[in-house]
Amino acid sequence: MPANHKNKLNFTILLVALLCVVMYLGRRFDVISNPQFYAEDGTVCFAQAHNEGALMTLLKPYNGTTAMLCRLGGSYSTFFPLKLAPLANNVLAILLQLLPVFFFLSNRFEHIIKAQKNRALIAIAYCLAPNTVEIYANLANTQWHLLIFSFLVLVAKPATSKAIYYFETTILLLTALCGPFSIFLTILSTAVCYKNRTRLNLYRLALLSSCALITIYLLTSGSFGDRPKILFEFNLLGFMQVISGKVFLSSLIGFRGFRALSQSEHWNIYSAIVPNLIGSIVIYLALRRSSYELKLFALLAAMILFSALISPTVPDIAPHWQILAKPGTAGRYWFIPAICFYCCIFNCIKTYKHKFVLTTCYTLVLVLTYGVYRDYFYPRSHDSKFTKSVMRYNAAEVGAVVDIPITPKGWAMSLVKK
């Protein structure tokens with residue numbers, strides 16, 4: 001490749017990456033301008049690391065998982081003054097969440113999608129995806145972004161730098177230690193080895209298999225502690241509305257658009273059939289003419305979806321499909337299936353010339369544009385007056401317990417004054 005062309009390509013990648021950063025931060029800039037801890041980032045990971053010691057809580061389970069990533073983030077934040085700890089936490093979360101974007105734009109994916117502009121479009125869709133407020137700029141849900149990064153590591157061309165190789169292996173290991181993700185990644189790694197049995201792929205399979213065995217042992221032995229109890233009850237209406245509303249509609253028209261639709265008299269089991277039918281046909285057509293890597297990504301999305309339907313973590317004991325069908329509930333479970341759906345739409349546009357298929361897919365892109373418009377700006381976080389809480393903490397006596405409100409509203413973390 002000529003030097004001038006290579007320089008132009010690197011400049012384009014840098015420009016797209018910078019654009020993605022600006023678009024991502026623009027969705028809710030108050031995570032930087034008015035940083036606050038979010039949910040478990042504060043109440044569990046930071047508070048326990050602060051009170052019990054940064055290293056003492058790393059392997060402590062929470063809610064049925066090891067929560068290794070969130071624990072590391074909480075321990076990392078304790079090395080900053082309390083006033084800056086939420087900012088350090090949020091910046092780390094944003095950098096980790098943007099890792100898949102930077103990685104996917106590199107030339108290590110030219111064997112999957114050769115054209116740089118096509119990879120750029122998928123990266124932009126990743127940053128602008130509707131219905132993703134729950135997993136934005138917090139470490140409690142960053143593992144869903146790192147699961148995509150880990151998948152990309154498995155299917156990318158090998159790294160040429162040892163530093164990059166060790167970094168990718170570290171992220172792969174951290175992701176594998178986030179609950180059942182090790183099982184998903186082991187299955188995917190097995191499929192990669194089936195297609196390309198190199199020493200590197202076999203090493204990754206051995207690493208992930210070890211993590212999966214540890215996860216299975218801890219889950220079956222009860223060492224993780226009790227997961228929240230749920231009431232499983234198969235219901236065709238609930239199933240249809242979860243798949244239609246959360247996988248297809250929310251990923252296209254966004255949370256606000258789906259909330260308005262679900263509150264109308266037109267939303268019922270019959271209206272749920274249409275999105276399910278269109279979405280399923282698009283996925284089927286895309287996978288018929290897809291690369292092996294897209295099939296593997298669809299497998300990952302299917303495993304996540306199956307797990308979410310069978311054993312979700314939801315804030316109620318009612319039949320959980322009824323809970324999952326509600327707008328805005330458990331948005332983390334639909335993120336990767338939504339990204340997979342976007343990739344399938346893109347693949348249909350790229351590989352089919354049939355007018356009906358193209359018209360349908362371009363219509364879905366227009367609908368997605370509407371969803372991005374509706375959902376681009378996230379609502380500002382509840383202002384918990386964190387700065388005033390820090391002043392109360394600084395004024396407290398050593399050993400006193402100080403309750404500090406955080407977001408969402410009603411949450412608080414308890415810190416022991418050091």
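## Reading cysteines, cavities and turns

Q: Let's start with C340: how far is its sulfur from the closest cysteine sulfur, and which residue holds that one?
A: The closest cysteine sulfur to that of C340 sits in C344, 4.3 Å away, which is too far for a bond. The cut-off to keep in mind is 2.5 Å between the two sulfurs. C340 is also buried, at 5% relative accessibility. Bear in mind throughout that this is a predicted model.

Q: And C211, is that one buried or exposed, and which cysteine sulfur is closest to its own?
A: C211 counts as buried because its relative accessibility is 5%. Its sulfur has the one in C178 as closest cysteine partner, but at 10 Å the gap is too far for a bond.

Q: So how many disulfides does a search of the whole structure find?
A: General idea first: a disulfide is a covalent bond between the sulfur atoms of two cysteines. Searching the whole structure here turns up one. It links C45 and C70, with an S to S distance of 2.2 Å. C45 belongs to helix α3 (residues 40-52) and C70 to helix α4 (residues 68-77), so the pair ties together parts that are 25 residues apart in sequence.

Q: What is the handedness of the C45 and C70 disulfide?
A: You read it off the torsion about the S-S bond, which is about 120 degrees for C45 and C70, so this disulfide is right-handed.

Q: Are its two ends, C45 and C70, buried or exposed?
A: C45 is buried at 2% relative accessibility, and C70 is buried too, at 8%. Both calls rest on the cut-off for buried, under 20% relative accessible area.

Q: On to empty space. How many cavities of 30 Å³ or more are there?
A: The general trick is that rolling a probe the size of a water molecule over the atoms shows where empty space is left. In this model the count is two cavities of 30 Å³ or more. The largest holds about 60 Å³ of space, and the second largest has a volume of about 50 Å³.

Q: Which residues line the largest cavity, and how do they split by class?
A: Its lining is made of Y24, R27, Y126, C127, A129, T132, I135, Y136, H145, F335 and Y378. By class, that gives eight nonpolar, two polar and one charged residues.

Q: What lines the second largest cavity, and which helix gives the largest share?
A: Look for A129, P130, N131, T132, K246, S250, S251, W334, F335 and A338 around it. Sorted by class, they are five nonpolar, four polar and one charged residues. At least two of the lining residues come from each of α11 (236-262) and α15 (335-351), and α11 has the largest share with three.

Q: N131 is in that lining; what is its phi?
A: The backbone angle phi is the thing to check here. N131 has a positive phi of about 60 degrees although it is not a glycine. You'll find N131 in the loop between α6 (116-128) and α7 (143-155), where it is buried with a relative accessible area of 13%.

Q: What is the phi of A39, and where does that residue lie?
A: A39 has phi near 45 degrees, again a positive value in a residue other than glycine. A39 is in the loop between α2 (30-33) and α3, and it counts as buried at 3% relative accessibility.

Q: Now the strands: how do β1 and β2 run, and how many bridges join them?
A: Bridges tell you how strands pair up. Strands β1 (residues 401-406) and β2 (residues 411-416) run antiparallel, joined by six bridges. I406 faces W411 of β2.

Q: What happens in the turn of that hairpin?
A: Four residues sit between the strands, and G410 takes a positive phi near 100 degrees. For the peptide bonds, check omega: between T407 and P408 the bond is cis, with omega about -5 degrees. P408 is in the loop between β1 and β2.

Q: Last one, a helix residue: what does the side chain of N276 contact?
A: Follow the polar atoms. One in the side chain of N276 lies 3.1 Å from the backbone oxygen of A272. N276 is part of helix α12 (residues 269-288) and is buried at 9% relative accessibility.

Note on methods
Residues are numbered from 1 along each chain as its sequence is written. This is a predicted model: local features need pLDDT of at least 70, side-chain atom pairs count only at pLDDT 80 or more; totals for chains, interfaces and linings use all residues. Side-chain values use heavy atoms; hydrogens and water are left out. Two strands pair if DSSP finds at least two bridges between them. Buried means under 20% relative accessible area, exposed over 50%, partly exposed in between (1.4 Å probe, protein chains only). On a 1 Å grid over the protein atoms alone, a cavity is a set of points where a 1.4 Å probe fits but cannot get out, and a pocket is an open set with protein on both sides within 12 Å along at least five of seven lines; lining residues have an atom within 4 Å of a point. Grid points are joined across faces, edges and corners, and a volume is the space filled by probe spheres set on the points. Ala, Val, Leu, Ile, Met, Phe, Trp, Tyr, Cys and Pro count as nonpolar, Asp, Glu, Lys and Arg as charged, and the others, Gly among them, as polar. A polar contact is a pair of N or O atoms within 3.5 Å; within protein, one must be able to donate a hydrogen and the other to accept it, and residues adjacent in sequence count only if both atoms are side-chain atoms.
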